[in-house]
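Visitor: I have a protein model to look at and would like to learn how to read it. Could you guide me through some features?

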Amino acid sequence: MEISVPALLFPAISLLLLAYTNRFLGLSSVIRKLYEDYKAAPDPKILRQIANLRRRVALIRSMQGVGVGSLFLCVLCMFLIYFGLHTVAHAVFGISLLCLLLSLGLSITEIRMSSDALNILLADMEEDLAHHGNG
């Protein structure tokens with residue numbers, strides 16, 4: 001394996017970390033807005049969203065951590081190749097790829113949870129519309 005092989009993952013991992021950071025920033029905005037809404041007018045429906053939001057924050061943190069771990073292992077692999085430790089470099093690169101797969105898997109889970117959160121909001125709107133339609 002040449003030193004350029006693990007270097008090929010740099011752009012992909014960097015873009016993933018940027019996407020994860022954007023998801024985190026978007027989620028933090030949602031949480032801040034929800035907090036302001038709750039302080040202005042407490043609504044028990046918000047409780048249904050809190051557990052989902054907590055799990056999503058934890059997932060994004062894990063996605064970022066494992067993604068950074070993958071990048072770290074790629075750099076370590078490059079050093080090992082540079083110093084001629086090819087057998088260890090192969091193992092480290094394999095672990096780096098596993099970390100990347102884990103990060104992507106966590107991302108899929110977080111996306112699913114994001115959809116679930118939207119479905120909670122849609123269900124609340126449907127419920128409100130049904131009450132207004134019957135009233």
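Visitor: Which side chains meet K33 or D37 in a salt bridge?

Guide: The general idea is that side chains of opposite charge can pair when their charged atoms come close. This is a predicted model, and in it K33 and D37 pair with each other in a salt bridge, at 2.8 Å from N to O. Both residues lie in helix α2, four residues apart, which is about one turn of the helix.

Visitor: Is K33 buried, exposed or partly exposed, and what about D37?

Guide: K33 is partly exposed, because its relative accessible area is 47%, and buried would need under 20%. D37 is also partly exposed, with a relative accessible area of 34%.

Visitor: How many salt bridges are there by this rule?

Guide: The count comes to three. In one of them, E110 pairs with R23, and their closest N and O atoms are 2.4 Å apart. E110 is in helix α4 and R23 in helix α2, so this pair ties together parts that are 87 residues apart in sequence. E110 also forms a salt bridge with R56, with a closest N to O distance of 2.8 Å. That pair links distant parts of the chain too, since R56 is in helix α3 and E110 in helix α4, 54 residues apart. Through shared partners, R23, R56 and E110 become one network.

Visitor: Is E110 buried or exposed?

Guide: E110 is buried, with a relative accessible area of 0%. R56 counts as buried at 9%, while R23 is partly exposed at 29%.

Visitor: Where do I look for the nonpolar core?

Guide: In soluble globular proteins, nonpolar side chains tend to be buried together. Here the largest nonpolar core has 24 residues, and L9, I13, M63, C77, A89, V92 and L106 have the most contacts inside it. Helices α2, α3 and α4 each supply at least two residues, and α3 gives the most, eleven. Try finding A89: beyond its sequence neighbours up to four places away, A89 touches M1, C77, L80 and I81.

Visitor: Which nonpolar residues form a patch on the surface?

Guide: I3, F72, V75, L76, F79, Y82, F83, L85 and V88 form that patch, with about 910 Å² of accessible area together. Helix α3 contributes the largest share, five residues. V88 is in helix α4 and is partly exposed, with a relative accessible area of 44%.

Visitor: How do I check the span of α3?

Guide: Use 1.5 Å a residue: the 37 residues of α3 should span 54 Å, and its end C-alpha atoms are 54 Å apart, which agrees. Just after α3, G84 takes a positive phi of about 85°.

Note on methods: Residues numbered from 1 in each chain as written. Predicted model: local features only at pLDDT ≥ 70, side-chain atom pairs only at ≥ 80, totals over all residues. Heavy atoms only, no water. Patch = residues over 30% accessible without salt bridge, like charges linked within 9 Å, V, L, I, M, F, W, Y side chains within 5 Å. Areas by Shrake-Rupley, 256 points an atom, 1.4 Å probe, with all protein chains shown as cover. Salt bridge = Lys/Arg side-chain N within 4 Å of Asp/Glu carboxyl O. Buried < 20%, exposed > 50% of the residue type's maximum accessible area, 1.4 Å probe, protein only. Core = buried A, V, L, I, M, F, W, Y, C linked by side-chain atoms within 4.5 Å. Contact = heavy atoms within 4.5 Å. Expected span 1.5 Å × (residues − 1).
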